[in-house]
Amino acid sequence: MHQEEQYLDLIRNILDNGTWEEGRNGRTKSIFGNMMRFSLSGNKIPILTTKKTAWKTCLKELLWFIRGNTDNRILQEQGVHIWDGNTTREFLDSRGLHHYREGLIGPGYGFQWRQFNAEYNAETGSGIENGIDQLQQIIDALKDPAQRTSRRLIMTAWNPLQLNQMALPPCHILCQFNVHDGNKLSCSLYQRSCDVGLGVSFNIASYSFLTHLLALHCGLVAHEFVYFMGNCHIYEDHVEPLKEVLNRKPFPFPTLLIKETRENISDYLVDDFVMDEYKSHDVIKMKMVA
């Protein structure tokens, strides 16, 4: 069975068995709890094919996380607009973040990865004092044969002390890395809120990119991405477009080449990532809900 069928089965399950709920940002049909596994062996990367995935947009956001950035203007300068709806003046004010300038996401995602619980500077979008660099701790452990099999290689974006300072509390909140058989690196992700129409394809791609990158950077081999999902939902406006996705047959997943190993994890560029043989069906337009 093609591994993308797991995604199609999730859509079917929600449409057939989900319940309608009125949420913060609209009506959704949802289920609670799901799991998928994707092989990364042989440089494979699970970029979904039943609707075209903007993988470069996804990769630019990931590298933004890795650098600990929190300013949406950096993404906008690269033509990435996925954070625009959640960083407007109106949206920030609705979160009580009147002192943030437009474009800041607060101490979310990459900030917690690289400066966990540091005091957030709302002028610069960076930490005022040193927090915990979770990502570098994981890199150091993965590079050390004595530490790489640890069951404590966990990175979390969920910081209850700073949730109210974030434009949007993180959806993908905790990942764990694991090495088996000496050098096979896997990643598991727990995601509390899963937008099946739009977000999930990006989340699968993003953490698969991250696993491939850490494997190369730390002298390991990418093995598997395991995806644990909490609230899996389809927005009402996404129901009909996703029914069209169900009529499509997946193409083989592409392979990924990262051209060089850089000294610092923050130094990788989009052009370092070469995707081979990504064949997909056409884009299906769905509106992103902030």
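Isoleucine 74 is partly exposed, at a relative accessible area of 32% (buried means under 20%, exposed over 50% and partly exposed in between, with a 1.4 Å probe and protein chains only). Isoleucine 74 belongs to helix 3, residues 72-76 (helices, H or I of at least four residues, and strands, E of at least two, are DSSP runs numbered from the N terminus). The model is a predicted one, in which local features need pLDDT of at least 70 and side-chain atom pairs count only at pLDDT 80 or more, while totals for chains, interfaces and linings use all residues. Residues are numbered from 1 along each chain as its sequence is written, and side-chain values use heavy atoms, with hydrogens and water left out.

**Isoleucine 74: surroundings**
- Beyond residues up to four places away in sequence, isoleucine 74 touches Trp64 and Asn69 (contact means heavy atoms within 4.5 Å).
- Leucine 174 lies 100 residues from isoleucine 74 along the chain, and their C-alpha atoms are separated by 24 Å.

**Whole chain**
- Eight helices and 10 strands make up the secondary structure of the chain.
- The radius of gyration is 19 Å, which agrees with the value near 19 Å for a compact globule of 290 residues (taken over C-alpha atoms, the globule rule being 2.2 Å times the number of residues to the power 0.38).
- Along the principal axes, the C-alpha atoms fill a box of roughly 50 × 50 × 35 Å.
- Of the 290 residues, 53% count as buried.
- Among contacts with a separation of 6 or more, 67% come from residues 24 or more positions apart.
- The accessible surface is about 13300 Å², and carbon and sulfur atoms hold 48% of this surface (Shrake-Rupley method with a 1.4 Å probe; for residues, only the protein chains shown count as cover).
- The chain has 30 positive and 34 negative charges, and the mean positions of the two sets are 4 Å apart (Lys and Arg count as positive, Asp and Glu as negative, and His and the chain ends are not counted; the place of a charge is NZ of Lys, CZ of Arg, CG of Asp or CD of Glu).

**Helix 6 and its cover**
- Helix 6 spans residues 134-143, and its buried residues are Gln134, Leu135, Ile138, Ile139, Ala141 and Leu142.
- Viewed down the helix axis, these buried residues fall within an arc of 165 degrees, so they line one face of helix 6 (the arc is that of the directions from the helix axis to the C-beta atoms).
- The cover over the buried residues of helix 6 includes helix 2 (55-66), helix 5 (110-115) and helix 7 (199-217).
- Strand 5 (154-156), strand 6 (172-180) and strand 7 (184-195) are also among the elements that cover them.
- Phenylalanine 116 sits in the loop between helix 5 and strand 3 (120-121) and is buried, with a relative accessible area of 18%.
- The C-alpha atoms of phenylalanine 116 and glutamine 134 are separated by 7.2 Å, with these positions 18 residues apart along the chain.
- Residues up to four places away in sequence aside, phenylalanine 116 touches Phe111, Gly131, Ile132, Gln134, Thr156, Trp158 and Asn159.

**Strands 7 and 8**
- Phenylalanine 228 is in strand 8, residues 221-235, and counts as partly exposed at 35% relative accessibility.
- Leucine 189 is 39 residues from phenylalanine 228 in sequence but 5.8 Å away in space, C-alpha to C-alpha.
- Not counting residues up to four places away in sequence, phenylalanine 228 touches Asn34, Met35, Ser188, Leu189, Tyr190 and Gln191.
- Serine 193 is part of strand 7 and counts as buried at 17% relative accessibility.
- Outside its neighbours within four places in sequence, serine 193 is in contact with Cys171, Asn231 and His233.

**Helix 4**
- Arginine 89 is in helix 4 and is partly exposed at 29% relative accessibility.
- Its contacts, leaving aside neighbours within four places in sequence, are Leu97, His98, Tyr100, Arg101 and Glu102.
- Arginine 89 and leucine 104, 15 residues apart in sequence, are 9.8 Å apart C-alpha to C-alpha.

**Positive phi outside glycine**
- Tyrosine 109 has a phi near 40 degrees, a positive value in a residue other than glycine.
- Tyrosine 109 lies in the loop between helix 4 (89-94) and helix 5, and at 5% relative accessibility counts as buried.
- Aspartate 181 likewise has a positive phi, near 55 degrees.
- Aspartate 181 is in the loop between strand 6 and strand 7, and at 60% relative accessibility counts as exposed.
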